[in-house]
Amino acid sequence: MKLIWYPAVSLDGYIADARGSSDFVTPEDDRQFTKLAVSAGAVVVGRRTFDQYRGQNYPIPGTTTYILTRNRDILSYDPAIVYVTGGPMELMRRLHDDGHATAVLSGGGQINGLFAEANFIDEAWISVYPIILGAGTPLLGSYKGSLRLAFRAGYAFPGGVVHNRYEVT
Ligand SMILES: NC(=O)c1ccc[n+]([C@@H]2O[C@H](COP(=O)([O-])OP(=O)(O)OC[C@H]3O[C@@H](n4cnc5c(N)ncnc54)[C@H](OP(=O)(O)O)[C@@H]3O)[C@@H](O)[C@H]2O)c1
């Protein structure tokens, strides 16, 4: 199972502003994210991110959205929406059992931190935005550990977005 992390982050390290909005994300970046998600077939998000973007960004047609939650009472009758309790290990097991070779980790901050801490991220595709938000949701939530990355490729997207691809070493 390969897990590709694809966050959109401000220059000062936030994935959403103080109001919880990621409206700085550009249509081109969104297209690239969707393309990757569809080719992988599976997207991983935290419950807060899913609730915020449900019906707007998620579920992405042709993909299954896996949502991490501690709430055992949330049920889904849609096979494209899968709630997983028990943490990142349980979610990785579920992806494997469902036959996914690759999945895309979208966020938000808490979930990014959990997967980074568990060392489950294989690649990081990071879009850096030319904006200073000053406050908001940190890239890795409250996680304060480190990740070592080896640069593999970089692209300039319209709007001054620098998209870098790394392998987690
Ligand atoms: N720019 C980007 O790339 C990007 C991408 C995605 C999201 N975002 C932004 O990120 C923000 C949301 O991030 P967030 O950090 O507040 O929330 P989040 O990571 O999306 O979701 C947090 C939720 O995950 C569940 N969770 C956390 N730890 C868990 C564990 N150990 N086991 C099982 N479930 C666990 C909990 O759900 P329950 O409360 O249900 O238990 C928790 O409330 C939003 O503003 C969104 O717009 C930005």
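1. Start with the hairpin of strand 10 and strand 11 in this predicted model. Three residues sit between the two strands, and G159 has a positive phi near 90 degrees there. The strands, residues 149-157 for strand 10 and residues 161-168 for strand 11, run antiparallel and are joined by eight bridges. If you want one pair to click on, L149 faces V168 of strand 11.

2. How many residues of strand 10 are buried? The count is zero among its nine residues, so this strand is hardly covered. A153, which belongs to strand 10, shows this well: with 9 other C-beta atoms within 10 Å, A153 is exposed, because the cut-off for that class is 12 or fewer. A153 is also 33 Å from Y83, C-alpha to C-alpha, with their positions 70 residues apart along the chain.

3. Helix 4 is another story. Seven of its nine residues are buried, so the rest of the structure largely encloses this helix. The buried ones are G109, I111, N112, G113, L114, F115 and A116.

4. Just after helix 4 comes N119, in the loop that leads to strand 8 (123-129). Give its backbone a look: N119 is not a glycine, yet its phi is positive, about 65 degrees. Is N119 buried or exposed? It has 11 other C-beta atoms within 10 Å, so N119 counts as exposed.

5. Helix 3 (residues 88-97) has two sides worth colouring separately. P88, L91, M92 and L95 are buried. They span an arc of only 100 degrees around the axis, so they lie on the same side of helix 3. M89, E90 and D97 are exposed on the other side. What do the buried residues of helix 3 pack against? Their partners are strand 4, strand 5 (64-68), strand 6 (81-84), strand 7 and helix 4. After the helix comes G99, with a positive phi near 85 degrees.

6. Now the nonpolar core. The largest one has 38 residues, and V43, V44, A103, V104 and L105 have the most contacts inside it. Leaving out residues up to four places away in sequence, V43 touches A37, I60, T63, T65, Y66, A103, V104 and S106. Two of the core residues just named, A103 and V104, are thus among the contacts of V43.

7. On to the ligand. Which residues come nearest to it? Of the 28 around it, they are A16, G46, T49, G107 and G108. Strand 3 (14-16), strand 4 (42-46), helix 2 (47-53), strand 7 (102-107) and helix 4 (109-117) each give at least two residues to the shell. By class, the shell holds 16 polar, nine nonpolar and three charged residues. For the class counts, keep in mind that glycine is put with the polar residues.

8. Two cis peptide bonds deserve a check before you set up anything on this model. One runs from G107 to G108, with omega near 0 degrees. G108 lies in the loop between strand 7 and helix 4, and both glycines are among the residues that come nearest to the ligand. The other joins Y58 and P59, where omega is about -5 degrees. P59 is in the loop between helix 2 and strand 5.

Terms used:
Residues numbered from 1 in each chain as written. Predicted model: local features only at pLDDT ≥ 70, side-chain atom pairs only at ≥ 80, totals over all residues. Near = placed C-beta within 6 Å. Helix = DSSP H or I, 4+ residues; strand = E, 2+ residues; numbered from the N terminus. Buried ≥ 20, exposed ≤ 12 C-beta atoms within 10 Å, placed from the backbone. Pairing = 2+ DSSP bridges. Arc of directions from axis to C-beta. Contact = placed C-beta atoms within 7 Å. Core = buried A, V, L, I, M, F, W, Y, C linked by C-beta atoms within 7 Å.
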